[in-house]
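User: I am new to this structure and would like to know what lies behind the terms used for it. Please set each value against its definition.

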Amino acid sequence: MMFETPLVQYVNYAYYPPALPVRRADDQGGPSYVARATISETHARGLTLAGTTQTGEPVTITITACAPGIVRVQLEDAQSDPGRVRLARDLSNQPINVQVDGTRLVLDDLVVEITLDPFRVAFQRPDGSSLLAQDYADADAVGRLTALPFGFSEVDGQRVAFHDSFEVEPDEHFFGFGEQFTDFDKRGQRVTIWHYDALGAHSRRSY
């Protein structure tokens, strides 16, 4: 008997990612973000900061120069666990020149400026021009946040996401994010990236 492809076929593909958490109308949770911080420790390659969210929750922020041009910013609960989250590659033996000057980390090719209150991290070139800066105060006319600052969100009392937002200049463009079947310049697009195989080029999902 010859096999014939059906005209209409319904398939539940395994590559569909799980649904994102959705906050109920009566859920009083919301985004928590780092409002202020103090220096708790200075180490050879950076700083450890004791932070406080806008709701008064204590957090730990660790800012470490890992290698030339690479700085790691890590947000944790009040009790920091250096072994909890590791880099994919051990960079601890990379030769690097770092000067920790108060709330500044000065590398050969990068300067990290940390503002403690209100909390903000900015990255600059050695000549002082901006590379990347956290956007911590983007709000509408009545003061509601329109971007998610450096912090985390909870749904039904469970922490579900960490987030950060950055300033964008009018002439900036964004490229990359893996193979995607939409315009190469991602500015103006909402890019959702999951580690699922797209199994083809029939959607905007990437490999």
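**Strands, sheets and single residues**

User: What makes S8 and S9 a pair?

Analyst: Strand S8 (residues 119-124) and strand S9 (residues 130-133) are joined by 3 bridges in the antiparallel sense. Two strands pair if DSSP finds at least two bridges between them, so S8 and S9 with their 3 bridges count as paired. Glutamine 124 has serine 130 of S9 opposite it. The two strands form a hairpin with 5 residues between them, and glycine 128 in the turn has a positive phi of about 95 degrees. Most residues other than glycine have a negative phi.

User: How do you know how far the model can be trusted, and how are its residues numbered?

Analyst: This is a predicted model, in which local features need pLDDT of at least 70, side-chain atom pairs count only at pLDDT 80 or more, and totals for chains, interfaces and linings use all residues. Residues are numbered from 1 along each chain as its sequence is written, and side-chain values use heavy atoms, with hydrogens and water left out. The mean pLDDT (the predictor's confidence in each residue, from 0 to 100) is 83 for the protein, and 81% of its residues reach 70 or more. Among the elements, strand S7 (residues 111-116) has the highest mean pLDDT, 97, and strand S11 (residues 158-163) the lowest, 85.

User: What counts as a strand here, and how many are there?

Analyst: Strands are DSSP runs of E with at least two residues, helices are runs of H or I with at least four, and both are numbered from the N terminus. The protein has 11 strands and 0 helices.

User: Which strands are the edges of the sheet with the order S5-S6-S7-S8-S9?

Analyst: This open sheet of 5 strands has antiparallel pairing. Its edge strands are S5 (98-101) and S9, each of which pairs on one side only. Neighbouring strands are turned by 15 degrees against each other on average, direction ignored. The axes behind such angles are lines fitted to C-alpha atoms, for helices over the stretch in contact, and angles run from 0 to 180 degrees between N-to-C directions. Within the sheet, S5 and S6 pair over 4 bridges in the antiparallel sense, and valine 100 stands opposite leucine 105 in S6. Leucine 105 also stands opposite valine 112 in S7, where strand S6 (residues 104-107) and S7 pair over 3 antiparallel bridges.

User: What is the strand order of the sheet of 6 strands?

Analyst: The order is S4-S3-S2-S1-S10-S11, in an open sheet with antiparallel pairing. Strand S4 (70-77) and S11 are its edges, each pairing on one side only. The twist averages 30 degrees from one strand to the next. Strand S1 (residues 31-43) runs antiparallel to S10, joined by 3 bridges, and proline 31 has serine 153 in S10 as its bridge partner.

User: Why is phenylalanine 150 called buried?

Analyst: Buried means under 20% relative accessible area, exposed over 50%, and partly exposed in between (1.4 Å probe, protein chains only). Phenylalanine 150 has 10%, so it is buried. Phenylalanine 150 lies in the loop between S9 and strand S10 (151-155). Its contacts (heavy atoms within 4.5 Å), leaving aside neighbours within four places in sequence, include Tyr33, Ile61, Phe119 and Asp164.

User: What makes phenylalanine 175 and phenylalanine 184 a tilted pair?

Analyst: Rings of Phe, Tyr and Trp (its six-membered ring) pair if their centres lie within 6.5 Å; planes under 30 degrees apart count as stacked, over 60 as edge-to-face and the rest as tilted. A search of the whole structure finds 3 aromatic pairs. In the pair of phenylalanine 175 and phenylalanine 184, the centres are 5.0 Å apart and the planes 40 degrees, so the pair is tilted. Phenylalanine 175 counts as partly exposed at 48% relative accessibility, whereas phenylalanine 184 counts as exposed at 59%.

User: How do you know that the charged end of arginine 159 sits over the ring of phenylalanine 152?

Analyst: A charge sits over a ring if NZ of Lys or CZ of Arg is within 6 Å of the ring centre and within 35 degrees of the ring normal. The charged end of arginine 159 is 3.8 Å from the ring centre of phenylalanine 152, so the distance condition is met.

User: What kind of peptide bond joins aspartate 117 and proline 118?

Analyst: The bond is cis, with omega about 0 degrees. Most peptide bonds are trans. Proline 118 has its place in the loop between S7 and S8.
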